[in-house]
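Reader: I would like a close look at one part of this model, the place where the two chains meet, together with whatever surroundings help to make sense of it. Please take it step by step.

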Amino acid sequence: MNAPLIKLGRAGSFALLFFLPAPILVIAATSFAAAGYLRFPPGELSLRWYLEAATDPRWVEAFLTSLGIAGIVAVLATAIAFTGTYAGHRLKPRWLPAFELVVMSPLFFPHAALGVALVNVLALTGHLGTAGGIVAAHVVVTLPFAWRPIAVAMARIDGEIMEAASLLGADERRLALGIALPLARSGLVTALLFTFIISFDEVTVTMFLTGPQVTTLPVQIYAFIQENASPVLAAISTATVVVTLVVVMLLERLIGLEFFVAHDPA
Amino acid sequence: MRTSATPRSLGWLLLPALLVLALFLGSVVLLFLNAFWTKDGVSLVYFRQIVERPDYHEVFLRTVSISVVVALASAVLAYPIAWLLWRLPRWRNLLLVVVLVPWLVSLVVRTYGWLVILGPKGFLNEALRWLGAIQSPLPLIFNDLGVVIGLTHVLMPFSVIATLSVLLQIDTRLEEASESLGASGLATWRRVVLPLSLPGVFTGIGITFLTSMGAIVTPILLGGIRQKMAGTQIYQEVVYNFNMNKASAWALCLLLLSGLGLMLLRALESALVPKADR
């Protein structure tokens with residue numbers, strides 16, 4: 001292919017690539033504008049919107065709620081996926097593929113339908129509008145994302161190591177926590193960080209489940225956009241972007257990002 | 001691996017996962033109960049309330065057509081990005097961050113970004129006015145165009161990831177063979193790389209179609225009150241009308257339509273992609 005065409009294609013592809021973070025960058029720029037909106041030429045810079053957000057208890061509370069829920073969801077989903085994949089790996093029941101298909105099935109539900117379904121069950125148990133209800137719903141939503149990386153890491157464990165440990169007298173507890181857990185740690189770290197960030201940023205399902213007592217940061221951002229689009233929103237939004245960026249960078253440092261584009265060996 | 005004595009008690013470790021599945025399956029069962037069960041037994045009354053309303057037909061039609069447009073647009077726009085990441089292995093990790101961060105940032109934040117860019121007093125309209133290109137702001141949001149732009153952008157990273165993961169599996173020797181046999185770069189792409197990457201493109205189309213069908217936040221914020229989609233209608237039934245029966249019936253209609261869409265896509269994929277490539 002002639003060189004100019006390749007260069008053109010490459011430039012076009014780069015333009016499309018940087019289209020992806022564009023709205024986020026515009027929000028970040030807005031959050032530092034003293035005027036509260038972007039104008040030409042750009043006006044004075046200021047941190048006033050960040051100060052306003054940090055001194056408003058509604059935003060502080062929603063931010064802490066979201067961090068707390070995401071932390072609990074990440075630990076729960078990862079622990080459940082670890083115990084489940086470990087048992088599946090050891091026992092290899094014939095129905096395991098069918099079981100894993102059910103684990104993955106929330107992925108095939110449009111989020112609006114999943115939201116209604118979860119409202120039905122949480123209303124029945126009286127957990128609608130509670131933090132516990134949101135945690136339970138988020139575990140359902142995130143479990144597939146925890147299951148896959150851990151199952152992949154588990155499948156890579158050399159069976160002979162487990163065999164040897166067992167012959168040398170390691171009991172079941174030791175096998176699971178002393179051998180399999182550390183050997184599957186890349187999957188566990190990926191699962192923890194991935195489910196944390198999905199839960200932290202989830203809005204479509206969560207907006208069905210919040211109530212007067214408890215709301216999450218993305219749902220509150222949504223509510224405020226509809227009521228009054230104050231520039232404080234830009235500062236808050238930028239804060240969520242920073243949390244997301246930190247988690248992605250952590251994942252990149254600790255494990256690498258290949259997981260997202262790697263095909264299952266299974 | 002089966003060590004000599006795999007105790008059956010390990011089965012208990014599946015219990016937590018089973019509980020989560022029970023919660024999910026229970027919610028699906030309740031979805032059916034709420035949609036079909038009335039005081040007088042099984043009835044289609046809630047579905048009739050939906051099917052008999054011509055304005056709802058329009059909502060379904062808009063939901064499906066917007067989702068199809070969005071899925072195709074994000075597949076086409078994402079392909080060059082995936083191709084770029086595939087061709088630049090040394091930069092791949094860094095460029096992946098540029099794809100993954102927007103993907104993982106809350107979609108309410110990304111939608112808000114489009115509101116700031118496309119709104120009547122937004123970044124784009126102000127810039128165009130400053131340049132003297134327009135007198136009055138262009139109507140870029142509170143219509144289907146805004147929803148399509150917003151949803152396409154929100155879902156594009158999915159398509160990039162799906163396409164790239166398939167591109168990365170292509171044996172580079174195939175490309176070398178094609179070029180050493182005299183095919184130009186473009187011909188190699190069209191006749192070797194593109195057919196091999198199609199399964200990834202189809203996966204991306206499936207995921208983005210499904211997500212778009214169930215979207216709520218982006219259609220409400222960028223479409224306005226009148227441009228209803230199935231998701232916004234469902235949300236309204238639950239949160240403002242407290243009508244769980246009708247909302248459940250809506251959700252089942254949405255599931256049915258999404259399932260049909262995915263089956264059609266599968267059929268299309270089998271017709272277009274030769275078996276050996278999959």
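Author: In this predicted model, 82 residues of chain B are in contact with 73 residues of chain A. On the side of chain B that touches chain A, the largest share comes from helix α1 of chain B, residues 15-36, which supplies 12 residues. Sorted by class, that side of chain B has 60 nonpolar, 19 polar and three charged residues.

A single residue of chain A gives a more detailed view of this meeting place. A:A117 lies in helix α6 of chain A, which covers residues 111-125, and, once its neighbours within four places in sequence are left aside, A:A117 is in contact with B:S27, B:V28, B:L30, B:L31 and B:A251. A:A117 has 32 other C-beta atoms within 10 Å, and since 20 or more are needed for a residue to count as buried, A:A117 is therefore buried. Within its own chain, A:A117 is 91 residues away in sequence from A:F208, while the two C-alpha atoms are 10.0 Å apart in space.

One of the partners just named, B:A251, also appears among the residues with the most contacts inside the largest nonpolar core, along with A:A77, A:V116, A:L118, A:L143 and A:I150; this core has 162 residues. Its largest share, 15 residues, comes from helix α7 of chain A, residues 131-156. A:L143, again leaving aside its neighbours within four places in sequence, is in contact with A:A77, A:I80, A:A81 and A:V103 in chain A and with B:V20 in chain B.

As for the setting on the side of chain A, this chain has 13 helices and zero strands, and its C-alpha atoms fill a box of roughly 75 × 65 × 30 Å along the principal axes. Buried residues make up 45% of the 266 residues in chain A, and, of the contacts in chain A with a separation of 6 or more, 75% are between residues 24 or more positions apart.

Within chain B, one pair of helices can be described in similar detail. The axes of helix α5 (residues 107-118) of chain B and helix α7 (residues 144-167) of chain B come within 10 Å and cross at roughly 135 degrees, which makes α5(B) oblique to α7(B). The crossing of α5(B) and α7(B) is right-handed. From α5(B) the contact is made by B:L107, B:R110, B:T111, B:W114 and B:L118, and from α7(B) by B:G146, B:I149, B:G150, B:H153 and B:V154; by class, this contact has five nonpolar, four polar and one charged residues.

Notes:
Residues numbered from 1 in each chain as written. Chains lettered and ligands numbered in written order. Predicted model: local features only at pLDDT ≥ 70, side-chain atom pairs only at ≥ 80, totals over all residues. Contact = placed C-beta atoms within 7 Å. Helix = DSSP H or I, 4+ residues; strand = E, 2+ residues; numbered from the N terminus. Nonpolar A, V, L, I, M, F, W, Y, C, P; charged D, E, K, R; others polar. Axes fitted to C-alpha atoms, helices over the stretch in contact; angles between N-to-C directions. Parallel < 35°, antiparallel > 145°, perpendicular 65-115°, else oblique. Left-handed = near helix turned anticlockwise from the far one by under 90°. Core = buried A, V, L, I, M, F, W, Y, C linked by C-beta atoms within 7 Å. Buried ≥ 20, exposed ≤ 12 C-beta atoms within 10 Å, placed from the backbone.
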